[in-house]
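Good morning, and thank you for the opportunity to speak. I would ask you to keep the sequence and the three-dimensional view before you while I talk.

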Amino acid sequence: MTTTFKPTELFGGAITANLPASYADVSNIREVPDHQEIYLDASGFSSVIVEIAERVSQPPTDQETLRFHFEDVVDEHDTSRAWHTGVAQLPHLPPNTPCYTLLATTTPPPATNGNVRAKTPSFTAVLLTLIRLVAQSTDIVVTVNIPHIPGHQEPSGGEVNFDEGKFGSLVEEGVKIRDEVWRSLEVRDWGLFGGDGGV
């Protein structure tokens, strides 16, 4: 599977990043909050969400804040599990900008009375990146969501077993998307975060 990327303007061009060319801007379909940009795979179910949030000062540590932001995007009824956390490198941000990453899965509760809705995922893989802009009192959260929907999973028939480190082709493709966002994300207008626009 080969993904073609294209430069994409976010928040009116204040931020730019390379996103898959096949992903469509959800704001062309429905209303999206001003602090979010959402792009959805036009031929699948995966999505990329970029969110600007006020910097979280509690909990006190960056790793706890990473978990806080993850829990904020998870449905309260879902079961979640974090499989990996680490440090991210985004070369177009100011040196020493704290950036962290998390790989997790969320699983919806079992259907009641056999009432299974169409296109309900058996689980969703979440690749979350937290960018902490301390001087701007801002957290940027980039989330790549990869739902695994029965009948639409693993086109190559690959095995998925997170316990054994077998993430499958869909998650591997999500990692490529996340890594390209890391490589390309750039703030073009620091005034987006208020203040005097300085770094």
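I shall describe the sheet, then the helices, and finally some contacts between side chains. Please bear in mind throughout that this is a predicted model.

Let us begin with the sheet. Seven strands make up an open sheet, and their order across it is 3-4-5-9-8-7-6, with antiparallel pairing. At the edges are strand 3, residues 23–25, and strand 6, residues 79–87, each of which pairs on one side only. From one strand to the next, the twist averages 20°. As general background, the strands of a sheet pair through backbone hydrogen bonds, in either a parallel or an antiparallel manner.

Consider now strand 7 and its two partners. Strand 6 pairs with strand 7 in the antiparallel sense, over eight bridges. Strand 7, residues 99–107, also pairs with strand 8, residues 123–133, again in the antiparallel sense and over eight bridges. Individual residues let us follow this across the sheet. His84 has Leu103 of strand 7 as its bridge partner, and Leu103 in turn has Leu127 of strand 8 as a bridge partner. Leu102, for its part, is matched with Leu128 in strand 8.

How many of the nine residues of strand 7 are buried? The number is eight, and the strand is therefore described as mostly covered, given that buried means under 20% relative accessible area.

Strand 8 offers a single residue worth a closer look, namely Thr124. Is Thr124 buried or exposed? Thr124 is buried, because its relative accessible area is 13%. Leaving aside residues up to four places away in sequence, Thr124 touches Ala104, Thr105, Thr106, Asn145, Ile146 and Pro147.

I turn to the helices. Helix 1, residues 62–73, lies across strands 5, 6, 7, 8 and 9, and runs at about 135° to strand 8. Helix 2, residues 168–184, also packs on the sheet, where it touches strands 3, 5, 7, 8 and 9. The direction of helix 2 makes about 160° with that of strand 9.

Both helices carry salt bridges within themselves. In helix 1, Glu71 and Arg67 lie four residues apart, about one turn of the helix, and their side chains meet in a salt bridge with an N to O distance of 3.3 Å. Glu71 is partly exposed at 48% relative accessibility, and Arg67 is partly exposed at 28%.

In helix 2, Glu173 and Lys176 are three residues apart, again about one turn. They form a salt bridge whose closest N and O atoms are 3.9 Å apart. Here Glu173 is buried, at 8% relative accessibility, whereas Lys176 is partly exposed, at 46%.

Why are Glu180 and Arg183 separated by about one helical turn? The reason is that they are three residues apart in helix 2. Their side chains meet in a salt bridge at 2.6 Å, N to O. Glu180 is buried, with 13% relative accessibility, while Arg183 is partly exposed, with 45%.

The structure holds seven salt bridges in total. Some of them are joined together: Asp62, Arg132 and Asp139 are linked in a network.

Lastly, a word on aromatic rings. The charged end of Arg81 sits over the ring of Trp83, 3.8 Å from the ring centre. As for rings paired with one another, the count comes to one aromatic pair.

That concludes my presentation, and I thank you for your attention.

Technical notes:
Residues numbered from 1 in each chain as written. Predicted model: local features only at pLDDT ≥ 70, side-chain atom pairs only at ≥ 80, totals over all residues. Heavy atoms only, no water. Phe/Tyr/Trp six-rings, centres within 6.5 Å; stacked < 30°, edge-to-face > 60°. Lys NZ or Arg CZ within 6 Å of the ring centre and 35° of its normal. Pairing = 2+ DSSP bridges. Helix = DSSP H or I, 4+ residues; strand = E, 2+ residues; numbered from the N terminus. Axes fitted to C-alpha atoms, helices over the stretch in contact; angles between N-to-C directions. Contact = heavy atoms within 4.5 Å. Buried < 20%, exposed > 50% of the residue type's maximum accessible area, 1.4 Å probe, protein only. Salt bridge = Lys/Arg side-chain N within 4 Å of Asp/Glu carboxyl O.
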